[in-house]
Amino acid sequence: MSEKSLVIVESPTKARTIKKFLPSGFTVLASMGHVRDLPQSASDIPAKYKAEPWSRLGVNVENDFEPLYTVPKGKSKIITSIRQEMKKADVLYLATDEDREGESISWHLLALLKPKIPVKRMVFHEITKTAIKKALENCREIDQNLVSSQETRRILDRLVGYSLSPVIWKKIAYGLSAGRVQSAGLRLLVERERERIAFRKSTYWDLKAALEKSKQGFEAKLVNVDQKRVASGKDFDPLTGKLLKPGDVAHLDEKAVDQLLEKVKSSAWKVSSIETKEFSSKPYAPFITSTLQQEANRKLRMTARQTMRTAQALYEQGLITYMRTDSPALSAQAIEGARNAVEELYGKEYLSPQPRQFAGGKGAQEAHEAIRPAGEVFKQPKDTDLNGEQYKLYDLIWKRTVACQMAEAQKLSMIVKIEAANALFSTSGMKILFAGYLRAYVEGTDSPEEALEDQEVLLPELKEGDLLTLKEVEKLFHETKPIARYTEASLIQRLEKSGIGRPSTYASIISTIQDRNYAKKIGNALAPTYTGFAVTQLLENHFEDYVDYGFTSNMEETLDAIAEGKQASIPYLQEFYLGKKGLQTQIEKKQDRIDPNEARSIHIAPVKDVELKVGRFGPYLIKKKTKDKDEVRASIPMEIAPADLTEEKVEEIIAVSEKGPQPIGQHPETKENIYVLLGRFGPYVQQGEITEEQPKPRRASIPKEINSQEITLEEALKLLILPRDLGTHPETGKEILANRGRFGPYVVHDGDFRSLKKEDDVYEVTLDRALELLAEEKKSRRGSKKLKDLGEHPKSGKKIALMEGKYGPYVKMGTKNFGVPKETDVEKFTLEQAVEIINKK
């Protein structure tokens with residue numbers, strides 16, 4: 001009788017892929033991620049521990065920091081089914097991911113299953129036939145050092161989060177929280193915003209000339225006047241707006257640049273010098289986790305979380321190697337695969353003379369190979385069945401890996417200086433002599449071929465002494481700009497450089513600070529909110545270690561040392577939490593000294609006698625009471641980021657509140673007053689006053705294209721037409737409304753929304769047109785579609801639907817989404833199951 005084996009992995013997709021490469025007699029089951037964790041709420045704590053003072057933490061700090069592990073709801077059934085299957089098996093293979101988190105899942109499975117059959121730990125960094133065969137032949141024991149490191153990380157996160165968060169609740173507002181790594185990440189955003197607040201603008205002028213030689217045009221910019229370099233943005237102090245070295249540069253104002261313009265217009269334009277230089281550029285290293293997240297954000301506009309989810313899906317389908325890695329190294333098999341692809345697609349001349357290998361940096365601790373296409377032969381993107389984001393990300397990984405084994409690009413640069421009167425202009429050209437790796441990959445762009453054209457700047461044939469034809473010369477006005485806010489890409493780069501977190505945590509750091517409303521996206525940039533400012537300020541003033549970059553980085557290095565078996569976990573935890581400078585000691589000493597009023601104050605208001613505070617309902621301004629006027633309070637609209645709260649905006653917000661509701665006219669039919677008001681979500685118009693009979697008067701947001709200070713009565717009345725009642729739906733008898741919302745104009749029927757098309761006017765759209773739109777299949781902004789309506793929540797009465805998104809099914813109630821377990825049978829999914837998921841969250 002042949003031996004029966006049971007293999008456990010984390011997900012159904014990974015199970016299906018690995019099953020294809022296993023011999024007969026192997027059964028593969030999915031644990032659906034973690035099977036044990038610290039208690040998530042008081043209801044998860046077993047009754048026998050609830051009276052213990054440490055039970056709220058879920059960590060017994062009195063007994064060597066022993067964690068209290070519980071099985072999350074829904075996981076007991078999975079464990080039971082694995083146990084049933086294990087009874088039929090002769091060998092148990094634990095094939096979870098090879099990093100610390102994967103090792104930890106295997107350890108927890110072992111603790112729960114208590115198998116009496118042989119157990120083997122099976123590890124691999126790609127799911128291919130060769131890799132799985134090799135993994136089966138080279139099984140090992142569970143690495144207790146990796147498990148200890150992951151457990152220590154989890155305990156540290158719990159100790160910091162559950163100890164500091166209650167302090168922040170009491171001192172600022174309930175529901176806020178602090179985290180071991182995300183607090184340091186948030187501080188980076190706050191410090192960058194402070195730099196923007198401190199910034200002082202400077203202005204300067206220069207000239208740009210359109211020139212021609214042999215009927216070929218090109219542009220040149222002013223660089224010197226009277227042998228002095230013309231000032232540019234880098235010459236000004238961002239804190240004062242003044243020149244850093246006034247004597248070294250020529251700072252041109254409008255008058256000076258006008259005089260110079262007239263002088264050069266009537267002057268001869270002559271080439272004074274030409275400098276040419278041949279140089280080469282090397283391809284980038286293959287992706288590691290951080291560089292993949294950065295490049296996917298720059299090129300594909302994917303968030304770090306989207307990138308990691310998509311990469312996980314590619315890995316589990318057997319298309320790429322493991323996606324959490326610090327190492328850019330490639331195996332001999334990978335190098336051969338990349339070089340074969342280069343030779344086949346581009347020819348031998350595009351291969352690097354020798355195979356190129358890349359070394360990892362300090363602290364590499366995850367899987368030990370770069371993220372690359374899986375296997376010995378790299379499947380071309382066009383030969384996969386992928387689409388959407390999965391295709392784009394695989395294409396990016398494929399190109400980067402192939403490019404790293406290609407020849408260097410050879411380029412020729414040319415810098416030309418041109419004299420005109422007492423001024424010197426400069427232009428530069430660049431020619432690609434041999435594209436090399438640029439044929440396959442150009443950082444920051446989707447299309448290498450188009451990027452090659454963009455990189456080339458071709459100048460006409462020029463030589464010293466050539467006279468040029470001036471076609472036009474224009475003066476240019478410049479203002480210096482504050483330092484740019486972090487994007488996800490640049491924040492990950494900074495986190496990595498500062499040693500804050502590890503590749504597997506960057507995505508969660510960024511998503512957590514946004515989910516908790518400590519930061520928000522402005523375009524592609526991340527700006528801290530006022531709440532994020534207040535939390536950072538409190539931690540800086542009273543618990544500085546926990547937002548100190550060096551302290552956070554040292555913690556990561558300690559976790560690395562535990563993973564390598566060089567440091568013991570328990571002594572470190574005891575010192576961290578119970579030591580003389582430990583977290584518990586600091587909280588006991590300091591929390592009663594923290595003044596809540598001071599903690600809620602943010603000292604960035606640019607106007608004297610105006611305070612800025614955060615409260616339960618968001619940020620607000622207080623203008624102090626004077627002899628003539630009472631204290632004035634005014635909400636700050638959410639769209640105004642801290643660095644954008646200028647003196648003018650503060651005065652405008654205060655003025656609106658100070659005056660109180662001032663009617664701009666009356667409604668022609670009802671004779672009610674029409675007001676322009678300012679709230680948390682920005683300016684709006686209101687018809688009538690708030691009374692007992694009318695607690696919610698008609699309101700409408702003022703669109704950004706209309707200046708709230710200059711809005712006319714006619715414009716206000718038009719806005720107040722919305723929402724328009726278009727009539728009733730012929731099938732349900734329920735009303736259909738047309739309105740404008742955060743994402744533009746729409747029609748809605750019984751909770752079912754449809755965006756209006758470009759050609760539709762929200763003020764003119766008819767009932768027939770609305771019925772047409774409602775009849776169309778609903779398309780989510782995120783590519784989701786509704787699978788079925790489940791009914792209403794028994795308490796809130798809100799509609800609940802089961803949706804299908806790019807990452808699988810989820811439940812939608814109102815504007816909130818709730819993930820559902822991957823094993824969910826969508827056909828049999830009920831309202832009761834949905835309500836249970838929502839209530840749990």
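**Exercise 1. Find the surroundings of Gln312 in this predicted model: which residues does Gln312 touch, not counting residues up to four places away in sequence?**

Step 1. Start with the contacts: Gln312 touches Asp97, Met323 and Arg324 once residues up to four places away in sequence are set aside.

Step 2. Now place the residue in its element. Gln312 is part of helix α9, which covers residues 304–316.

Step 3. Finally, decide whether Gln312 is buried or exposed. Its relative accessible area is 19%, and buried means under 20%, so Gln312 counts as buried.

**Exercise 2. Check the length of helix α10, then work out what its buried residues pack against.**

Step 1. Helix α10 holds 15 residues, 332–346. At 1.5 Å a residue the helix should span 21 Å, and its end C-alpha atoms are 21 Å apart, so the two values agree.

Step 2. List the buried positions in α10: Ala334, Ile335, Gly337, Ala338, Arg339, Ala341, Val342 and Tyr346.

Step 3. Look for the partner. The buried residues of α10 pack against α11, residues 388–403.

Step 4. Glance just past the end of α10, where Gly347 has a positive phi of about 100°.

**Exercise 3. Name the residues with the most contacts inside the largest nonpolar core, and follow one of them outward.**

Step 1. The largest nonpolar core has 135 residues, and Ile18, Met122, Ile172, Leu393 and Phe576 have the most contacts inside it.

Step 2. Take Leu393 as the example. Leaving aside its neighbours within four places in sequence, Leu393 is in contact with Leu292, Ala296, Leu300, Met302, Thr307, Thr310, Ala311 and Leu314.

Step 3. Keep the other core apart from this one: a second, separate core has 26 residues, and Phe218, Met414, Phe425 and Leu468 are among them.

**Exercise 4. Classify the aromatic pairs that Tyr546 makes with Phe551 and with Phe576.**

Step 1. Across the whole structure, a search finds 17 aromatic pairs. In the pair of Tyr546 and Phe551, the ring centres are 5.4 Å apart and the planes stand at 80°, so this pair is edge-to-face.

Step 2. Turn to Tyr546 and Phe576. Their ring centres are 6.0 Å apart with 90° between the planes, and this pair is edge-to-face.

Step 3. Locate the two ends of that second pair. Tyr546 sits in the loop between α15 (530–542) and α16 (549–563), while Phe576 is in helix α17 (residues 569–578). The pair links distant parts of the chain, 30 residues apart.

Step 4. Add the accessibilities. Tyr546 is buried at 4%, Phe576 is buried at 6%, and Phe551 is partly exposed at 24%.

Step 5. Put the rings together: Tyr546, Phe551, Tyr572 and Phe576 make up one aromatic cluster.

**Exercise 5. Give the order of the four strands in the open sheet, and identify its edge strands.**

Step 1. The order is β20-β21-β22-β23, with antiparallel pairing.

Step 2. The edges are β20 (663–666) and β23 (698–701), each of which pairs on one side only.

Step 3. For the twist, neighbouring strands of this sheet are turned by 30° against each other on average, direction ignored.

Step 4. Zoom in on one pairing. Three bridges join β20 to β21 (residues 673–679) in the antiparallel sense, and Pro663 stands opposite Tyr675 in β21.

**Exercise 6. Sort the residues of strand β2 into a covered and an uncovered face.**

Step 1. Recall the pattern to look for: in a regular strand, side chains alternate between the two faces of the sheet.

Step 2. In β2 (residues 26–30), the covered face has Phe26, Val28 and Ala30, and the uncovered face has Thr27 and Leu29.

Step 3. Find the neighbour. Strand β1 (residues 5–9) runs parallel to β2, and five bridges join them; Val9 has Ala30 in β2 as its bridge partner.

**Exercise 7. Describe the hairpin formed by β24 and β25.**

Step 1. Strands β24 (residues 724–728) and β25 (residues 735–741) pair in the antiparallel sense over four bridges.

Step 2. One of the bridge pairs is Thr728 with Glu735 in β25.

Step 3. Six residues lie between the two strands, and Gly733 in the turn has a positive phi of about 75°.

How values were computed: Residues are numbered from 1 along each chain as its sequence is written. This is a predicted model: local features need pLDDT of at least 70, side-chain atom pairs count only at pLDDT 80 or more; totals for chains, interfaces and linings use all residues. Side-chain values use heavy atoms; hydrogens and water are left out. The expected span of a helix is 1.5 Å times one less than its number of residues. Buried means under 20% relative accessible area, exposed over 50%, partly exposed in between (1.4 Å probe, protein chains only). Contact means heavy atoms within 4.5 Å. Two strands pair if DSSP finds at least two bridges between them. Axes are lines fitted to C-alpha atoms, for helices over the stretch in contact, and angles run from 0 to 180 degrees between N-to-C directions. A nonpolar core is a set of buried Ala, Val, Leu, Ile, Met, Phe, Trp, Tyr and Cys residues joined through side-chain atoms within 4.5 Å. Rings of Phe, Tyr and Trp (its six-membered ring) pair if their centres lie within 6.5 Å; planes under 30 degrees apart count as stacked, over 60 as edge-to-face and the rest as tilted.
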